[in-house]
Amino acid sequence: MGAERAYLDWNATAPLHPAAREAMLAALALPGNPSSIHAEGRAARALVEAARRDVAALVGGETENVVFTSGATEAANALIRAGIQLACAIHPGLAPLAAPVLAAGIEHAAVIQAIEAAGLPAGYRIPLPVDAAGLVTAEALADGLAAARAVAPGVPPLVLLQLANNETGIIQPVPALATLAHEQGAVVVVDAVQGPGRMPLAMAAMGADALFLSAHKFGGPKGVGAIVFARGETRLSRAFIAGGGQERGQRGGTENVAGIAGMGAAARAVLVAPEAAQALNQVRGEFENRLNRLAKDVVVVGEGVSRLPNTTCFAIPGLAAAQALIAFDLDGVAVSSGSACSSGKVKSSHVLEAMGIAAPVREGAIRVSTGPTTPWQDLERCLASLEKQLARRRATTNSVSAA
Ligand code: PLP
């Protein structure tokens, strides 16, 4: 980002990719409604359908199985309700909204709150524990599936898996977990929001029956996302937004043409730059080395576990995230202390809590997340600010102990 500010919060929102901006401006210039049959309508429709192809290509899916939404949160809500419906359709006679739902405590609020809001009967919300490395183990999933069988025999449960965590970058072993879930007849939905541009995204290899994305995490605009179904027949059985039949009857409402065009352009851009992940990994390695030299007692959450190459979540004993974030900001450095969805407020991370991480580390956890255009000087600036903060803390501690 250069001299003005160092923007190191790509997991909250990645900067708009120039190709996305260009595509959006072109789309905004079109007057037509994509459902209209005249030339202006057809021109808008062409942009939406081109973007649908690009988003499908990003995850190795089929174009006709992409449903555009207003973002990942809407997608998660729709899929959780639809997944329950899907399970109920397979098991007629079951009360509506009564398929067991399995999800880990490290999931994003979009998933956790959508499950809470689904009004499931007692015992149908089955939490999946994670181990100290933040991973859902095969044993934990097997136990969860057994609990699902006990509470609702014969009903296919819905299993939510997170591809990579927004706060820690920790990557779940989704293919192995999905295989296990499928062996028990479960429906698997994957939150792939943090994946694009950072890791491979082959939907078939993942074993997802459906996944969802959010454009602004990979250079598209905010407020647009998509569901990608693995197969045509696993579509939503009913429209989750009733209206004019758009998105093949699954989500009513005139499409956000400019947003969708921007998402498509961003998908194309990250797809043609697969080497970016490797470069990010190198930069992150150097950043973490420097962190270690600055503070020998630094804790890097998920160190040694497979992580997104752009994310470092760290804590330094005695450095409170709430104060550190302000100090970074005053020094021109934008970082985060966890999920931006709780932004405005710095609160203890439910993700780190689910991992069993002790309160002092949780309260000090700072997330630095980068992207392919992050200059090294931005990370230098972050390190310089941190060094200043640590020196100030030492001076305060010394003056207190001398007093
Ligand atoms: N899932 C993950 C892993 C995320 O990081 C986010 C956003 O931070 C979401 C879901 C929700 O995305 P949105 O706020 O764009 O709907």
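## Ligand contacts

In this predicted model, a polar side-chain atom of His216 sits 2.8 Å from an oxygen atom of the ligand. Taken alone, the ligand exposes 400 Å², and the protein buries 90% of that.

Thr73 also reaches a ligand oxygen atom. An N or O atom of the Thr73 side chain lies 2.7 Å from that oxygen. Asp191 faces a nitrogen atom of the ligand instead. The distance from this nitrogen to an N or O atom in the Asp191 side chain is 2.7 Å.

## Shell around the ligand

How many residues surround the ligand? There are 13. Those that come nearest are Thr73, Asp191, Ser214, His216 and Lys217. Thr73, Asp191 and His216 thus appear both in this group and in the polar contacts above.

By class, the shell holds eight polar residues, three nonpolar and two charged.

## Second largest pocket

The second largest pocket holds about 420 Å³ of space. It is lined by 27 residues. Closest to its centre are Trp10, Pro15, His17, Pro372 and Thr373.

Which helices each supply at least two residues of this lining? Helix H8 (257-271) does, and so does helix H9 (276-294).

## Character of the pocket lining

The lining of the second largest pocket divides into 16 nonpolar, eight polar and three charged residues. For the shell around the ligand, the counts are three nonpolar, eight polar and two charged.

Methods: Residues numbered from 1 in each chain as written. Predicted model: local features only at pLDDT ≥ 70, side-chain atom pairs only at ≥ 80, totals over all residues. Heavy atoms only, no water. 1 Å grid on protein atoms, 1.4 Å probe; cavity = no way out; pocket = protein on both sides within 12 Å on 5 of 7 lines; lining within 4 Å. Points joined across faces, edges and corners; volume = space filled by probe spheres on them. Helix = DSSP H or I, 4+ residues; strand = E, 2+ residues; numbered from the N terminus. Nonpolar A, V, L, I, M, F, W, Y, C, P; charged D, E, K, R; others polar. Near = heavy atom within 4 Å. Polar contact = N/O pair within 3.5 Å; in protein donor to acceptor, adjacent residues only side chain to side chain. Areas by Shrake-Rupley, 256 points an atom, 1.4 Å probe, with all protein chains shown as cover.
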